[in-house]
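Trainee: Could you take me through one part of this structure in detail? I'd like to look closely at the sheet and at the side-chain contacts around its strands.

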Amino acid sequence: MAAGQGFKTFTTGEVLTAGDVNGYLMQGVLVFASAAARNAAITSPQEGQFAFTKDTNGLWYYDGAAWVASGATGDIEGVSVTSPITGGGTSGTVTIGFDSKAATTLGFNAQTGTTYTLVAADASNKLVTTSNASAVTVTIPPSVFSAGEQINVQSIGVGLTSFTAGAGVTITSTGATSAAPVLRARYSACTIICTASNTFTVLGDLS
């Protein structure tokens, strides 16, 4: 295949030479169903030749030794989102929004046993409630929360709720026992704040 000669407007009745065909008409992008179909049709590709494969929406060029993806198609094929982000899409103009109501609406994690160990999801805009006739112990585990994360806890049962530190965890509070605070009464609540790695302060209605 001859080197491309650019663009030419042919006039009615003009006779095309072999050079015209090779230099002008063969310079377009050939479309194939797949790379296999391209390879079967073009048995002797020429350096600089382009082809498009429909199954992958890929644009390829022959570098003299192999077909190479041109990079003309982006590597982002879709945008997916989770609440409170809205929108997303897989083609065209993608719009992203923010659902402020979803961002500020509390979820609930209702615990009815006598023991519970906090999990990472509890710091995701949730209220952890404890409800049992007997005392409830909530454990703050190590290596789960990052500085700045907060967990809200409320005791809605008759049994008082106390907090204990997991291995390597430090708790501070204004409770009678600073490192093991207890919610003062039924319906008392507190916020547990991670202030540093494995370090927490408990603020609220404590005894």
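**A close look at the open sheet**

Mentor: Happy to! Let's start with a pair of strands: β9 (residues 126–130) and β11 (residues 150–155) run parallel and are joined by four bridges. Please keep in mind as we go that this is a predicted model. For one contact to find on your screen, take Thr 130, whose bridge partner in β11 is Ser 155.

Now step back to the sheet that holds this pair. It is an open sheet of six strands, and reading across it the order is β7-β9-β11-β14-β15-β13, with mixed pairing. The edges belong to β7 (107–111) and β13; each has a single partner strand, so one side of each has no neighbour in the sheet. From one strand to the next, the twist averages 25 degrees.

Next, the aromatic side chains. The structure holds three aromatic pairs, and one of them involves a strand of our sheet. The ring centres of Phe 145 and Phe 200 are 6.1 Å apart and the planes stand at 90 degrees, so this pair is edge-to-face. Phe 145 sits in the loop between β10 (136–140) and β11, while Phe 200 belongs to strand β15, so the contact ties together parts that are 55 residues apart in sequence. Phe 145 counts as buried because its relative accessibility is 5%. Phe 200 is also buried, with a relative accessibility of 1%.

A charged contact is worth a look too. Arg 184 and Asp 205 form a salt bridge through their side chains, at 2.8 Å from N to O. Arg 184 lies in the loop between β13 (170–173) and β14 (189–196), and Asp 205 in the segment after β15 (199–204), so the salt bridge ties together parts that are 21 residues apart in sequence. What about cover from solvent? Arg 184, at 47% relative accessibility, counts as partly exposed. Asp 205 is partly exposed as well, at 29%. The count for the structure comes to one salt bridge, so when you have found Arg 184 and Asp 205 you have found the pair that makes it.

To put the two contacts side by side: Phe 145 is buried at 5% and Phe 200 is buried at 1%, whereas Arg 184 is partly exposed at 47% and Asp 205 is partly exposed at 29%. If you go back to the display now, start from β9 and β11 with their four bridges, and then follow the strand order out to the edges at β7 and β13.

Conventions. Residues are numbered from 1 along each chain as its sequence is written. This is a predicted model: local features need pLDDT of at least 70, side-chain atom pairs count only at pLDDT 80 or more; totals for chains, interfaces and linings use all residues. Side-chain values use heavy atoms; hydrogens and water are left out. A salt bridge is a side-chain nitrogen of Lys or Arg within 4 Å of a carboxyl oxygen of Asp or Glu. Helices (H or I, at least four residues) and strands (E, at least two) are DSSP runs, numbered from the N terminus. Buried means under 20% relative accessible area, exposed over 50%, partly exposed in between (1.4 Å probe, protein chains only). Two strands pair if DSSP finds at least two bridges between them. Axes are lines fitted to C-alpha atoms, for helices over the stretch in contact, and angles run from 0 to 180 degrees between N-to-C directions. Rings of Phe, Tyr and Trp (its six-membered ring) pair if their centres lie within 6.5 Å; planes under 30 degrees apart count as stacked, over 60 as edge-to-face and the rest as tilted.
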